[in-house]
Amino acid sequence: MHRRFLLQIGSFAMSVLVWGTVLPAETVGEVWLGAWAHAPTAYNMTPPTSVTRDGVTRLAPPGYAPLPPYNDQTVREVTRIAAGAISIRVRLSNEFGDKPLVIGAAHIALADENGAIVVGSDHVLTFAGRTSVTIPTGSPMLSDALNWTLPSFSKLSVSVFYPNETLPPAHTLYALDAYAAQGDVTGATTLPDVQRARSDSITEGVVSTPGAFHSWPDRLAERLQANPATRGWSVVNAGIGSNRLLHDTPSTGALSRFDRDVLSVPGTAMAIVLIGINDIQYTHRYPNEAVNADQIIAALQQLIIRAHAHGIRILGGTVTAFEGSTDYTDAGEATRQAVNKWIRSSGMFDGTIDFDAATRDPQHPAHLAELLESGGHLHPSDSGYTVMGDAVDLGYFIDTPARRPR
């Protein structure tokens, strides 16, 4: 199968997209498929709240606060495509912007170390033949197709020049490498006076080794490519740090963004949903936005119905353990257990992935296993993400039709 891939670059300006979306081996001919992404979101400011635990009161942070703007700067971000390609487009997003977004120049190249690109690999991106473009408020923009044959897991640098004052994206991805430099140096092999521009989510791979692509969707992509029976699939990770189902603090909620970030990804045939821990945690942090197990389950049912309406299969991941983390409560643990029981037993998902069972401490099942967690009792370590990626049954991707009739 020949593949042409669409790289999605997220909100306001240069950023990067991701959920558990995968694409089918049965697709024939030349089609556009998702290859990599970074979900856009808004700056959702909320007042900081006081949280008391074990007699200690602390100030919980507000939603994403605006970062210093780019101005006459190039931002270079490193991505990795999940499967081989013969042609590429880049999708830029101004969907959460409040004014037109000016892209002075955009390039794509093979990534080298420390923000550099591989000599001779630089390509200029164009938009209707032009090397610069203004993206209207609230809109995405696709580049012209670039014919470029690439093997799976090619690391690419996408460099974007912002000539005007531009607010950085609200959603910054901790686990990727990004760099900034003054002026239009989009085509430079090495960025002058380079600065790190990396700014969190279990699906994103937060606390994993930066630039190493150690998230669990990355591990799943590697397993799919290593198996001849599943090599036709690509994985697009649309996770957002602190994302919730039912509220937009601090990032646009899953019910709101599901159509844009999952259903609209070219060639989508299956989605993996792992969400709910932040709904549970933030019930403690923001009592005015408290939710219960029935509300979380009803929201998951909505995602299932919407996926099935588009002929997309959907797998449900159980919510991982969090006892010992900052916002743990016994009531929250009871909610997690109720949600996981429904995910495992309801039969509404097209399949389940028991991330909880794979990563919990057998002796203390409300805790992540010590060797699989990063130290905060919430996010896995590199080893934990590997275990999560290995918990996905590849049988779901074998002999799966591109569009399963329902």
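A crossing of two helices is right-handed if the near helix is turned clockwise from the far one by less than a right angle, and left-handed if anticlockwise. By that rule, helix 1 passes helix 7 in a right-handed crossing. The model is predicted, and this helix pair is a good place to enter it.

Two packed helices are described by the angle between their axes and the distance between the axes. Helix 1 covers residues 216-226 and helix 7 covers residues 382-390. Their axes lie 8 Å apart, at an angle of about 50°. Angles under 35 degrees count as roughly parallel and 65 to 115 as roughly perpendicular. Helix 1 is therefore oblique to helix 7. On the helix 1 side, the contact is made by W216, R219, L220 and R223. Helix 7 answers with Y385, T386, M388, G389 and D390.

Now take helix 2 and helix 4. Their axes come within 11 Å and cross at roughly 25°. An angle under 35 degrees counts as roughly parallel, so helix 2 is roughly parallel to helix 4. This crossing, too, is right-handed. Helix 2 brings A254, L255, F258, D259 and L263 to the contact. They meet A299, Q302, L303, R306 and A307 of helix 4.

Helix 2 and helix 4 also lead into the core. In soluble globular proteins, nonpolar side chains tend to be buried together. The largest nonpolar core here has 29 residues. Within this core, L245, L300, I314 and V339 have the most contacts. Which elements supply it? At least two residues each come from helix 2 (254-263), strand 18 (270-273), helix 3 (277-285), helix 4 (293-309) and helix 5 (330-345). The largest share is that of helix 4, with eight residues. V339 gives a local view. Setting aside neighbours within four places in sequence, V339 is in contact with A293, I296, I297, L300 and V319. Another core, of 24 residues, lies apart from this one. Among its members are L101, I108, L125 and V158.

Turn next to the strands. Six of them form an open sheet with antiparallel pairing, in the order 10-9-14-6-15-16. Strand 10 (123-124) and strand 16 are the edge strands, and each pairs on one side only. Moving inward, strand 9 (residues 105-110) and strand 14 (residues 155-162) pair in the antiparallel sense over six bridges. One bridge there joins A106 to V160 in strand 14.

Is strand 15 mostly covered or mostly open? Strand 15 spans residues 178-182, and four of its five residues are buried. Five bridges join strand 15 to strand 6 (residues 73-80), and the two run antiparallel. Strand 15 also pairs with strand 16 (residues 195-196), again antiparallel, over two bridges. A180 shows both pairings. In strand 6, the bridge partner of A180 is V75. In strand 16, A180 stands opposite Q195.

Last, consider a loop. R130 is found between strand 10 and strand 11 (133-135). Is R130 buried or exposed? Its relative accessible area is 59%. Exposed means over 50%, so R130 is exposed. D144 lies 14 residues from R130 along the chain. The C-alpha atoms of R130 and D144 are separated by 9.3 Å.

Technical notes:
Residues are numbered from 1 along each chain as its sequence is written. This is a predicted model: local features need pLDDT of at least 70, side-chain atom pairs count only at pLDDT 80 or more; totals for chains, interfaces and linings use all residues. Side-chain values use heavy atoms; hydrogens and water are left out. A nonpolar core is a set of buried Ala, Val, Leu, Ile, Met, Phe, Trp, Tyr and Cys residues joined through side-chain atoms within 4.5 Å. Buried means under 20% relative accessible area, exposed over 50%, partly exposed in between (1.4 Å probe, protein chains only). Contact means heavy atoms within 4.5 Å. Two strands pair if DSSP finds at least two bridges between them. Axes are lines fitted to C-alpha atoms, for helices over the stretch in contact, and angles run from 0 to 180 degrees between N-to-C directions. Angles under 35 degrees count as roughly parallel, over 145 as roughly antiparallel, 65 to 115 as roughly perpendicular and the rest as oblique.
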